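Thanks for coming, everyone. I have one structure to walk through today. Let me put it on the screen.

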Amino acid sequence: MFEKMVDELKGAGVQLVAVSKTKSPDQILELYHKGQRVFGENKVQELVSKQEALPADIQWHLIGHLQTNKVKFIAPFVAMIQSVDSLKLLLEIDKQAAKCQRSIPCLLQFHIAEEETKFGLSLEEAEALLDSDAFRGLQHVRVAGVMGMATFTDDETQIAREFRRLRELFAALKARFFAEDPGFKEISMGMSSDYRIAVREGSTMVRIGTLLFGSRS
Ligand SMILES: *Cc1c(COP(=O)(O)O)cnc(C)c1O
C-alpha cells in the first residue's frame, strides 16, 4: 500500500503526511524504515512523547486543534502546525518560536465542510487576521498555506466542491497577501477516503492515516 501510494503521489507532486495518531512507535518505525519522514499527529501529548522516542529526523506536523497553553511543548521541534485557526494562536506560536530562536511554518485551517462540526476560519476571518498590525509584526511564524477537511460523506460531488472552495480560498489569499511570497504554496487537503478527489482538485499535501496503518480502534 505504502509504496504504491508514494509512487502515485510523487507522480502528482503531492507530499504525503502519514497520520500516525493512536499508532505505536513501532508501527511508525516500520514506515520510517521504508523511507517516510513526515508524520502527523493531532494531540500534543502524544506528539511530544513520540518525538522523544523516535528518530530525530522525523518531521512532525500537528494536524489537530491546538490550545494556546500547549504551544510551548511542541515549539522546539514541530515542523509544521497545520491547524491555526485564530490570531491569538498565531501570536502564541510566534512567541514560543522566538524563545527557541526558530521560525515555525503554519497553515491556516479553513472551515470548508458543509457540516457544522469542524474547526476552521472563514475567508473573512482569515483576511482580518492577515490584515491586522499584530500579524504583520510576527517574525517567527511563516504562513505556508491552507488546510481543510471535507464533509464525511459518500457524495463525491460535494467533496470535490468543498476542496475546490479551499483551492479558491488559497488563490484569493495568495493574490491579496502573498503574491510576492513563494513560501505560501501549500494546500493541505485529502484523507484516506477522499485523497484522490483532493489531488484532482489541486492538493499539494495529503494527510493519510487509515490507508497506511489500518483503522483506528
Ligand atoms: C485523522 C486525521 C486524518 C487522517 O484520517 P484517515 O481517514 O485515517 O486518513 C487527516 N487529517 C486530520 C486533521 C485528522 O485528524
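**A pocket, a contact chain and some odd residues**

Start with the second largest pocket, where α1 gives the most to the lining, with four residues. Keep in mind that this is a predicted model. The volume of that pocket is about 180 Å³. Two elements each give two or more residues to its lining: α1, residues 2-12, and β1, residues 15-19.

Here is the lining. Early in the sequence we have Phe-2, Val-6, Leu-9, Lys-10, Val-14, Gln-15 and Leu-16; then come Gly-35, Gln-36, Arg-37 and Val-38. By character, that is six nonpolar, three polar and two charged residues.

Leu-9 takes us to the next stop. Besides lining the pocket, Leu-9 is touched by Tyr-195. Tyr-195 is found in helix α9. Buried or exposed, that tyrosine? Buried, at 3% relative accessibility. Its contacts, leaving out residues up to four places away in sequence, are Met-5, Glu-8, Leu-9, Gly-190, Val-206, Ile-208 and Leu-211. As a long-range distance, take Tyr-195 and Glu-124: they are 71 residues apart along the chain, and their C-alpha atoms are separated by 27 Å.

Helix α9 spans residues 195-200, and Arg-200 lies in it too. Arg-200 counts as exposed, at 60% relative accessibility. Now compare sequence with space. Arg-200 and Ala-160 are 40 residues apart in sequence, yet their C-alpha atoms are 8.5 Å apart.

**Thr-151, Gln-158 and Glu-114**

Next, a small set of polar side chains. Thr-151 lies in the loop between β6, residues 141-148, and α8, residues 156-177. Thr-151 is in a loop, but it counts as buried because its relative accessibility is 8%. What does the side chain of Thr-151 make a polar contact with? The side chain of Gln-158, at 3.3 Å.

Now look from the other end. Gln-158 sits in helix α8. Gln-158 is also buried, at 12% relative accessibility. Its side chain makes a polar contact with the side chain of Glu-114, at 3.2 Å. So the side chain of Gln-158 has polar contacts with both Thr-151 and Glu-114, and Gln-158 itself counts as buried at 12%.

The wider contacts, again leaving out residues up to four places away: Gln-158 touches Glu-114, Thr-151 and Thr-153. Thr-151 touches Ala-113, Glu-114, Glu-115, Gln-158, Ile-159 and Glu-162. Glu-114 is in contact with Thr-151 and with Gln-158.

**Inside helix α3**

Helix α3 covers residues 44-53. Which of its residues are buried? Val-44, Glu-46, Leu-47, Val-48 and Lys-50. A general point on helices: with 3.6 residues a turn, residues three or four places apart point the same way. The buried residues of α3 pack against four elements: α2, residues 25-33; β2, residues 38-41; β3, residues 59-62; and α4, residues 71-74.

**The cysteines**

On to the chemistry many of you will ask about. How many disulfides does a search of the whole structure find? Zero. Cys-100 is in no disulfide, and the nearest cysteine sulfur to it, in Cys-106, is 13 Å away. Why is Cys-106 unpaired? Because its sulfur is 13 Å from the closest cysteine sulfur, in Cys-100, which is too far for a bond. The cut-off here is 2.5 Å between the sulfur atoms.

The two cysteines also sit in contrasting surroundings. Cys-100 is partly exposed, with 29% relative accessibility. Cys-106 is buried, at 0% relative accessible area.

**Backbone angles**

Last topic. Most residues other than glycine have a negative phi. Two residues here go the other way. Thr-22 has a positive phi, near 70°. Thr-22 lies in the loop between β1 and α2. Gln-101 is not a glycine either, and its phi is about 50°, again positive. Where is Gln-101? In the loop between α5, residues 87-99, and β5, residues 104-110. Gln-101 is exposed, with a relative accessible area of 75%.

That is the tour. Questions, please.

Key:
Residues numbered from 1 in each chain as written. Predicted model: local features only at pLDDT ≥ 70, side-chain atom pairs only at ≥ 80, totals over all residues. Heavy atoms only, no water. 1 Å grid on protein atoms, 1.4 Å probe; cavity = no way out; pocket = protein on both sides within 12 Å on 5 of 7 lines; lining within 4 Å. Points joined across faces, edges and corners; volume = space filled by probe spheres on them. Nonpolar A, V, L, I, M, F, W, Y, C, P; charged D, E, K, R; others polar. Buried < 20%, exposed > 50% of the residue type's maximum accessible area, 1.4 Å probe, protein only. Polar contact = N/O pair within 3.5 Å; in protein donor to acceptor, adjacent residues only side chain to side chain. Contact = heavy atoms within 4.5 Å.
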